[in-house]
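Please open the model in a viewer and keep the sequence panel beside it. The tour below proceeds by selection, one region at a time.

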Amino acid sequence: MADAVAVHNQGGALIEQYQRTGDHRLLDEGVSVLRDALRLGGLTETISTLASSLLHRYETAHDPADLDEAMDLLTRLVDGPGVNLTQATEIVRIQRHRYERDGDLSSLNEAIALAQGVVGQTGPGQRDYDLMQHLLGLALAERYDRTRHLTDLEGAIAAHRIAADNARDELRPGMLLNLAATLRARIAATGDLSMLEEAEAMVGGALAALPKTDPERGNAEWLIGALAQFRAQLNRDTDVLTDGIGALRRSVESARDPESLGTRLDSLAGALLQRFEQAGEPGALDEAIEVLRRTPPTAEHLTSLGNALRLRYRHLGDVDSLREAVRVLRDAVAAAVDPHAHTAAATSLTRASTEMAERFPELVTDAVNAARALVAATPSADANEMLAVALRMRFDVTDAREALIEAGELFEQVLRQRPAKDPLHPRALANLGGFWQQIYELTGTPETLNEAVIYYGRAARADPQQASYQHCFARLLLRQAEQAGDSGRLRAAARALAEAAASEALDPVTRVLAAHTASMTSAGINDWEQALRGAERAMALLLRLRRADVENGLAELTGLVADAAACAVQAGQLALAAQWLEYGRDLLLARVFEDDRQVAFPSVGDLQQSAVDGPVVLVNVSRLRCDALTLWPGRVELLPLPRLRYDDAVAHAEHFGSDDRAFAETLEWLWDTVTEPVLEGVPEHTHVWWSPTGPLAGLPLHAAGRDGRTVLDRVVSSYTPTVRALTWARARAAAPVGAPSMVVVAPADAPYEVAVLAELWEAAALEGPLATRENVLAALEHHPYVHFACSGSPDDNPARSELRLHDGPLTALDVARLGLPAARLAVLSCGHLAGAFLLAGYPSVVDTLWEVGEQAAADVSVAFHSALLDHGLSLPARALHAVVCELRDRYPARIWAAFTHTGA
């Protein structure tokens, strides 16, 4: 025994030398000597010292044999004399290391059970009590990472608090940081920011105690940055987020191992993504993606990278990023070890695959397969819902009814998984409402429509704040009421639509359309009071629309304005009807020409003043009623047009150009239904400005006639898209301008027009390859008058109407962006672009409503220029009128009727 004691003392001395010098050779030699002492029959202290030394060597060299040998030695103590608190902490450390090495949750469970038992039997003041509480907190936090049981996280916080309160000075900074890290994890898991201030205080306390060279300061910097993300979220403070990003950058630079580097890079990327979402900085998103590319290829980091790439796709439309996201997320699923990481990766892969299928429908099978794999791994409500959505998408693409039926069964399962108290219960109801709506659209049966109404109604009642449910319910209720022809149900549907329109939660376009539908529904049952209220709400909501809202729905929104004006007329409010027509059309056109400023509501006096040079006839075409509102100085006159019907106007607009007979019938129909009634109260040879709405906007009101009676013989006609455009055009035309120089733009061969205009105007010419976008835009700034001898394409959105130049299209928006304060007259020969060019900046535009032959266009255009110089540059409408009167005997109506004047 004496020999064993001597050898033990020798080994212990070597270990003490190692602790002073850090020389690992001394550690290895000390372990070897202590093993010899143990073979000689050593002491309990020998077992403890050797186990402690082997554990320490494992933590520096990571040889699994050292860990297992240390555990065997400590087990001998447990089975024999028992272990003290210090030795128990070593057992807990070993079990945690085994869990890290093998992923065996039983090792972690044993560590937690031992730690909980020990701290329950000991208390503050005992040696290593603080360390055991600290180890218990770490083990519970690790188990939470694996199981996501919040009770483990709460237990970890409690243990870390006790450890920090009882910590020795040398251990206190690290324990404060671990408490802060656990508090951060709870905030991230629950969104509860009530512990944020405590976490920040813990980091501050640790930093105050850590020397400036201590490597733990890097961990503190990481926590500062991670907590700054929550603080910025709470206060919407970008400065706090900027400071946090700086701290995270410093933490990345000081990372000592791949695991901490990956964690810190992931947090830095998260902060950069937050900056992108708060401030819209594309550079922050790009940097976040590059940061995530540097992380180790674990499932968690790959999932973060995939989601960042998805974010770039959603915000920037970058399809390559989405394709990469799918590839990365497949790698994440393959790399996942624990179930939580696998579920997170599989969920993100399903979402990315679904986004790909939305963009490329032929890839819908990939989305379905990804969702099925997710359900196989975790048949949660979220997974079942994603599979149902993918199957519904497959039905939309392939018409495979079995996919839709399976989707419905899954939606029913999701509803069972999300009972009434679940926050997503309303969405589960709405999904079933959408399913039954699709079944109704397939079958047309009242029973399926009723199911859709019931589920959407339940969803709307379960979540009154989710206005989209109310809107869907209202629209389906309207369809049900229309089928039944029940005025009571129609009234209820109108109320439901009005409620949806009043909700701030809906997007502006949906609110406008809901208010409009409510108004039209009330009008359909002759409840004109409610119809007017709905129209008032729709018109008020128009102001909230921006360019993107208006661009793709201009025709529908313009029809809404016409219907609102019809409601005002029905209520006897003629001035309001004229104001709404002007305000609505003016606002919508301003939006498509990139003007998001507030549009002033016009006064009645301003509208009447626009008629100083001749009446302005607002021809309103609505499904409710059709009228002419004629603006005169000092009054607004209403002329109901009972023979003009919306559906007839649509039919003539679609077919009047199909052949000569249809064309002639349209001119007669226009005379009978619109122009003859209007002109009965207008003196002959008056200058009249026509401002038609809806389907009449492309029809030749100025050429209408029957049996020798024509508009052309009665008045001089011009057009204007809005009253404000006419007022602006008059002011622009009256302003002084320099020499009346002209440029002729002829991308194709037009020698006759170029030669004559060069003689009449001494015009400059851009012909053939010189008629490029760049040259034309430059020339427009120097020539107030322009003649375009080229083809073009009108568009429902006038800002996108275009002329075809030598190297590509020139849009009206391109011209509007120039400003052109000296612009005076544009002559076009390409068909129905006059309104667009008036809005783009030309106060007077001569154009054709449709394309005519090149020779006829050239003849009329040259004749117009000659007449303009004879009549005076300020009278383009009368010049064109004189030319058309002279040439109508030489050309068929389909040619001379095409030519129009728009503006002042």
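A cavity, as the word is used here, is a set of grid points where a 1.4 Å probe fits but cannot get out, and its lining residues have an atom within 4 Å of a point. The model on display is predicted.

**Stop 1: the largest cavity**

The structure contains 2 cavities of 30 Å³ or more. To find the largest, select His702, Leu712, Val715, Ser717, Tyr719, Ala877, Leu880, His881, Val884, Phe899, Thr900 and His901, which line it. The space inside amounts to about 120 Å³. Colour the lining by secondary structure: strand E7 (716–719), helix H40 (876–887) and strand E16 (899–903) each contribute at least two residues. Which of these elements gives the largest share of the lining? Helix H40 does, with 4 residues.

**Stop 2: strand E4 and its partners**

From E7, move to the strand paired with it. E7 and E4 run parallel and are joined by 4 bridges; within this pairing, tryptophan 689 stands opposite serine 718 in E7. Next select strand E1 (residues 616–621), which also pairs with E4 in the parallel sense, again over 4 bridges. Here valine 616 is found opposite tryptophan 689 in E4.

Now select E4 itself, residues 687–692. Is this strand enclosed or open to the outside? It is largely enclosed by the rest of the structure, because 6 of its 6 residues are buried. Both faces are covered: on one side lie His687, Trp689 and Ser691, on the other Val688, Trp690 and Pro692, and all are buried.

Step back along the chain to histidine 685, in the loop between helix H32 (660–679) and E4. In contrast to the buried strand, histidine 685 is exposed, with a relative accessible area of 53%. Its phi is near 65 degrees, a positive value in a residue other than glycine. Most residues other than glycine have a negative phi.

**Stop 3: a second residue with positive phi**

Select aspartate 399, in the loop between helix H19 (381–398) and helix H20 (401–417). Its phi, too, is near 65 degrees, and positive although the residue is not glycine. Aspartate 399 is exposed, at 58% relative accessible area.

**Stop 4: the nonpolar cores**

In soluble globular proteins, nonpolar side chains tend to be buried together. The largest nonpolar core of this model has 133 residues; select Leu542, Leu557, Leu560, Leu631, Phe788, Phe837 and Tyr842, which touch the most other members. Helix H29 (residues 574–592) provides the largest share of this core, 10 residues. A second, separate core consists of 63 residues, among them Ala628, Phe663, Leu670 and Leu696.

Return to the largest core and centre on leucine 557. Residues up to four places away in sequence aside, leucine 557 touches Val512, Leu513, Leu542, Leu545, Asp549, Val550 and Leu588.

Then centre on tyrosine 842, in the loop between helix H38 (834–840) and strand E15 (844–848). Is this loop residue buried or exposed? Tyrosine 842 is buried, with a relative accessible area of 0%. With residues up to four places away in sequence left out, tyrosine 842 touches Trp728, Leu780, Pro784, Val786, Val815, Leu820, Ala823, Arg824, Leu825, Ala826 and Phe837. A distance label from tyrosine 842 to glutamate 551, C-alpha to C-alpha, should read 22 Å, while the two are 291 residues apart in sequence.

**Stop 5: a buried aspartate**

Select aspartate 527, in the loop between helix H25 (508–524) and helix H26 (528–542). Aspartate 527 counts as buried because its relative accessibility is 18%, the cut-off being under 20%. Apart from neighbours within four places in sequence, aspartate 527 is in contact with Arg491 and Ser522.

**Stop 6: a three-stranded open sheet**

Finally, select the open sheet of 3 strands, ordered E11-E12-E13 with antiparallel pairing. Strand E11 (792–793) and strand E13 (808–811) stand at the edges; each has a single partner strand, so one side of each lacks a neighbour in the sheet. Strand E12 (residues 802–805) pairs with E13 over 4 bridges in the antiparallel sense, and arginine 804 is opposite proline 809 in E13. Add helix H36 (residues 773–780) to the selection: this helix lies across E12 and E13, and runs at about 30 degrees to E13.

Key:
Residues are numbered from 1 along each chain as its sequence is written. This is a predicted model: local features need pLDDT of at least 70, side-chain atom pairs count only at pLDDT 80 or more; totals for chains, interfaces and linings use all residues. Side-chain values use heavy atoms; hydrogens and water are left out. A nonpolar core is a set of buried Ala, Val, Leu, Ile, Met, Phe, Trp, Tyr and Cys residues joined through side-chain atoms within 4.5 Å. Buried means under 20% relative accessible area, exposed over 50%, partly exposed in between (1.4 Å probe, protein chains only). Contact means heavy atoms within 4.5 Å. Two strands pair if DSSP finds at least two bridges between them. Axes are lines fitted to C-alpha atoms, for helices over the stretch in contact, and angles run from 0 to 180 degrees between N-to-C directions. On a 1 Å grid over the protein atoms alone, a cavity is a set of points where a 1.4 Å probe fits but cannot get out, and a pocket is an open set with protein on both sides within 12 Å along at least five of seven lines; lining residues have an atom within 4 Å of a point. Grid points are joined across faces, edges and corners, and a volume is the space filled by probe spheres set on the points.
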